[in-house]
Amino acid sequence: VGGDTSASLTGFTISITCLGEADKDKIVYRNTAKDTDLICVSGNLGAAYMGLQLLEREKRVFGDGDENLQPNFDGKDYILERQLKPEARKDIVELLDKNGIIPTSMIDVSDGLSSELIHICTQSKTGCRIYEERIPIDFQTAVMAEEFNMNLVTAALNGGEDYELLFTVPLADHDKVKNLDDITAIGHI
């Protein structure tokens with residue numbers, strides 16, 4: 001049973017499974033983080049969750065029955081796309097490979113940063129420390145969180161559906177990772 005288990009109000013469910021192959025030396029697991037590894041994340045976090053909050057708000061407003069009301073999504077394209085059109089970050093895997101960086105552990109951020117960190121730490125039998133000010137957050141995400149009077153870091157830690165990559169690398173790879181676009185070191189194991 002995977003993360004695709006969910007309820008349906010109509011009784012209609014579609015579940016898709018994809019299987020693939022990889023070179024044994026290119027597979028990265030969740031349970032192989034090591035003490036002092038850097039914790040890194042691709043992209044930014046919390047945008048998909050804020051997109052969901054926006055969609056739910058506009059649905060409530062639109063659903064009040066007034067046909068003259070229309071959803072207001074002006075300037076919110078990014079957070080809506082993060083919710084409605086998530087994309088796997090294969091480009092990050094290729095970027096790491098191109099720069100000779102082999103992660104010690106990795107997981108996608110589908111259930112929120114905090115949940116995925118717990119998976120890596122529990123399965124690797126480690127702990128971690130992350131720094132709030134290092135969590136990458138997009139400007140539209142911050143604006144939307146302020147509009148909803150929501151804690152921005154809580155949205156980034158717990159929102160989920162961002163489909164960014166959370167991974168660890170040896171401390172010795174710090175100089176390789178620190179200048180890569182779209183990757184942020186947020187803490188350590």
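**Close-up views of a predicted model**

**View 1. D182, a residue with positive phi before β5**.
At 39% relative accessibility, D182 counts as partly exposed. This is a predicted model. D182 sits in the loop that links α7 (174–178) to β5 (183–188). Its phi is positive, about 70°, although D182 is not a glycine.

**View 2. E161, a residue with positive phi between α6 and β4**.
E161 belongs to the loop between α6 and β4 (164–169). The residue is not a glycine, yet its phi is positive, at about 65°. Is E161 buried, partly exposed or exposed? With a relative accessible area of 34%, E161 is partly exposed.

**View 3. The whole chain, for orientation**.
The chain holds seven helices and five strands. Read from the N terminus, their order is β-α-α-α-β-α-β-α-α-β-α-β. The C-alpha trace spans about 60 × 40 × 30 Å along its principal axes. Of the 189 residues, 34% count as buried. Take the contacts between residues at least 6 apart in sequence: 85% of them join residues at least 24 apart.

**View 4. Helix α1 and what covers it**.
Helix α1 has 16 residues. From first C-alpha to last, α1 reaches 22 Å, close to the 22 Å expected at 1.5 Å a residue. Which residues of α1 are buried? They are A47, A48, M50, G51, Q53, L54 and E58. The cover over these buried residues includes α2, α5 (139–147) and α6 (152–158). An α-helix has 3.6 residues a turn, so residues three or four places apart point the same way. Keep that spacing in mind when following the contacts of the helix.

**View 5. The packing of α1 against α2**.
Helix α1 (residues 47–62) packs on helix α2 (residues 77–84) at an angle of about 100°. Their axes are 7 Å apart. Why is α1 described as roughly perpendicular to α2? Angles from 65 to 115 degrees count as roughly perpendicular, so the angle between α1 and α2 earns that description. On the α1 side, the contact is made by A47, A48, Y49, M50, G51, L52, L54 and L55. On the α2 side, it is made by Y78, I79, L80, R82, Q83 and L84. By class, the contact of α1 with α2 has eleven nonpolar, two polar and one charged residues.

**View 6. The crossing of α1 and α5**.
The axes of α1 and α5 come within 9 Å. They cross at roughly 45°, which makes α1 oblique to α5. This crossing is left-handed. Which residues meet here? A47, M50, L54 and R57 in α1 meet T141, M144, A145 and E147 in α5. Sorted by class, the contact of α1 with α5 has five nonpolar, one polar and two charged residues.

**View 7. The crossing of α2 and α5**.
How do α2 and α5 cross? Their axes come within 8 Å and cross at roughly 95°. Helix α2 is therefore roughly perpendicular to α5. D77, Y78 and I79 of α2 make the contact with Q140, T141 and M144 of α5. The residues of this contact divide into three nonpolar, two polar and one charged.

**View 8. M150 in the loop between α5 and α6**.
M150 is placed in the loop between α5 and α6. At 26% relative accessibility, M150 counts as partly exposed. What does M150 touch, leaving out residues up to four places away in sequence? Its contacts are Y49, M50, Q53 and A145. M50 and Q53 are among the buried residues of α1. M150 and I135 are 15 residues apart in sequence. Their C-alpha atoms are 16 Å apart in space.

**View 9. T184 in strand β5**.
T184 is part of strand β5. Is T184 buried or exposed? T184 has 16% relative accessibility, and buried means under 20%, so T184 counts as buried. Not counting residues up to four places away in sequence, T184 touches I39, C40, V41, R134 and P136. T184 and I135 are 49 residues apart in sequence. In space, C-alpha to C-alpha, T184 and I135 are 7.7 Å apart.

Technical notes. Residues are numbered from 1 along each chain as its sequence is written. This is a predicted model: local features need pLDDT of at least 70, side-chain atom pairs count only at pLDDT 80 or more; totals for chains, interfaces and linings use all residues. Side-chain values use heavy atoms; hydrogens and water are left out. Axes are lines fitted to C-alpha atoms, for helices over the stretch in contact, and angles run from 0 to 180 degrees between N-to-C directions. Helices (H or I, at least four residues) and strands (E, at least two) are DSSP runs, numbered from the N terminus. Angles under 35 degrees count as roughly parallel, over 145 as roughly antiparallel, 65 to 115 as roughly perpendicular and the rest as oblique. Contact means heavy atoms within 4.5 Å. Ala, Val, Leu, Ile, Met, Phe, Trp, Tyr, Cys and Pro count as nonpolar, Asp, Glu, Lys and Arg as charged, and the others, Gly among them, as polar. The expected span of a helix is 1.5 Å times one less than its number of residues. Buried means under 20% relative accessible area, exposed over 50%, partly exposed in between (1.4 Å probe, protein chains only). A crossing is left-handed if the near helix is turned anticlockwise from the far one by less than a right angle, and right-handed if clockwise.
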